[in-house]
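Please open the model in your viewer, with side chains available for display, and keep a selection panel at hand. The stops below are meant to be followed in order, each beginning with something to select.

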Amino acid sequence: MPHTMPLSTADKLEKLRQGAPGRYEFHLVQGESYETFEALMAEAKGLAHRHGGIWEIVDGTSARHESFIVTLLPPATIDENRHI
């Protein structure tokens, strides 16, 4: 199995903007301002809602989040020939 390089924050955000299914983890980076991280969280949360995804806090406190995950699932397919 070939090894793949982890995606950068910018790459993850671009995939979210495109609605690409996947599980994207974001972490507060040492030296990054918390305001920048909050802006990233706000955009990622909005994209998760727009694409029907899940946004969840992984690490931190209720006042200061340090990690979060956005999960976008592939679109459901409907089998028109299947009867319930």
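What follows is a tour of this model, from the whole chain to single side chains.

**The whole chain**

Begin with the chain as a cartoon, bearing in mind that this is a predicted model. Its secondary structure comes to two helices and three strands, and when you trace the chain along the sequence the elements follow the pattern α-β-α-β-β. If you switch to a surface, about 6400 Å² is exposed, of which carbon and sulfur atoms supply 54%. Colouring by burial would pick out 25% of the 84 residues as buried. Among the contacts between residues at least 6 apart in sequence, 54% join residues that are at least 24 apart.

**Helix α1**

Select residues 9-18, which form helix α1, and show the side chains of Lys12, Leu13 and Leu16, the buried residues of this helix. Turn the view until you look down the axis of α1: these buried residues fall within an arc of 95°, and therefore line one face of the helix. On the other side of α1 you will find Ala10 and Gln18, both exposed. Which elements does the buried face meet? The buried residues of α1 pack against β1 (22-27), α2 (34-50) and β3 (65-72). Before leaving, step on to Gly19, which follows α1 and has a positive phi, near 80°.

**The nonpolar core**

Next, display Leu16, Phe26, Phe37, Leu40, Phe68 and Val70, which touch the most other members among the 15 residues of the largest nonpolar core. At least two residues of this core come from each of α1, β1, α2 and β3, and the largest share, seven residues, is supplied by α2. Centre the view on Leu40 to see how such a member is surrounded: with residues up to four places away in sequence left out of the count, Leu40 touches Thr9, Leu13, Phe26 and Phe68.

**The aromatic rings**

Now show the rings of Phe26, Tyr34, Phe37, Trp55 and Phe68, which ring pairs link into a cluster. How many aromatic pairs are there? The count comes to four. The rings of Phe26 and Phe68 have centres 4.9 Å apart and planes at 15°, so this pair is stacked. Because Phe26 lies in strand β1 and Phe68 in strand β3, the pair ties together parts of the chain that are 42 residues apart in sequence. With a relative accessible area of 1%, Phe26 is buried, and Phe68, at 0% relative accessibility, counts as buried too.

Move to Tyr34 and Phe37, whose rings form a tilted pair, with 6.1 Å from centre to centre and 45° between the planes. Both residues lie in helix α2, three residues apart, about one turn of the helix. Tyr34 is buried, with a relative accessible area of 12%, and Phe37 is buried with a value of 0%.

Return to Phe26 and add Lys12 to the selection: Lys12 lies over the face of the Phe26 ring, at 5.4 Å from its centre. Lys12 is also one of the buried residues of α1.

**His65 in strand β3**

Select His65, which lies in strand β3. Is His65 buried or exposed? Its relative accessibility is 17%, and His65 therefore counts as buried, the cut-off for that class being under 20%. Showing everything in contact with His65, apart from residues up to four places away in sequence, brings up Tyr34, Phe37, Met41, Ile57, Asp59 and Gly60. Tyr34 and Phe37 are the two residues of the tilted pair that you have just visited.

**Glu56 in strand β2**

For the last stop, select Glu56, placed in strand β2 (residues 54-60). At 36% relative accessibility, Glu56 counts as partly exposed. With neighbours within four places in sequence set aside, Glu56 is in contact with Phe68, Ile69 and Thr71. If you draw a distance from the C-alpha of Glu56 to the C-alpha of Val70, the viewer should give 6.6 Å, for two residues that are 14 apart in sequence. Phe68, seen earlier in the stacked pair with Phe26, thus appears again, here as a contact of Glu56.

Terms used. Residues are numbered from 1 along each chain as its sequence is written. This is a predicted model: local features need pLDDT of at least 70, side-chain atom pairs count only at pLDDT 80 or more; totals for chains, interfaces and linings use all residues. Side-chain values use heavy atoms; hydrogens and water are left out. Buried means under 20% relative accessible area, exposed over 50%, partly exposed in between (1.4 Å probe, protein chains only). Helices (H or I, at least four residues) and strands (E, at least two) are DSSP runs, numbered from the N terminus. The arc is that of the directions from the helix axis to the C-beta atoms. Contact means heavy atoms within 4.5 Å. A nonpolar core is a set of buried Ala, Val, Leu, Ile, Met, Phe, Trp, Tyr and Cys residues joined through side-chain atoms within 4.5 Å. Accessible areas come from the Shrake-Rupley method with a 1.4 Å probe; for residues, only the protein chains shown count as cover. Rings of Phe, Tyr and Trp (its six-membered ring) pair if their centres lie within 6.5 Å; planes under 30 degrees apart count as stacked, over 60 as edge-to-face and the rest as tilted. A charge sits over a ring if NZ of Lys or CZ of Arg is within 6 Å of the ring centre and within 35 degrees of the ring normal.
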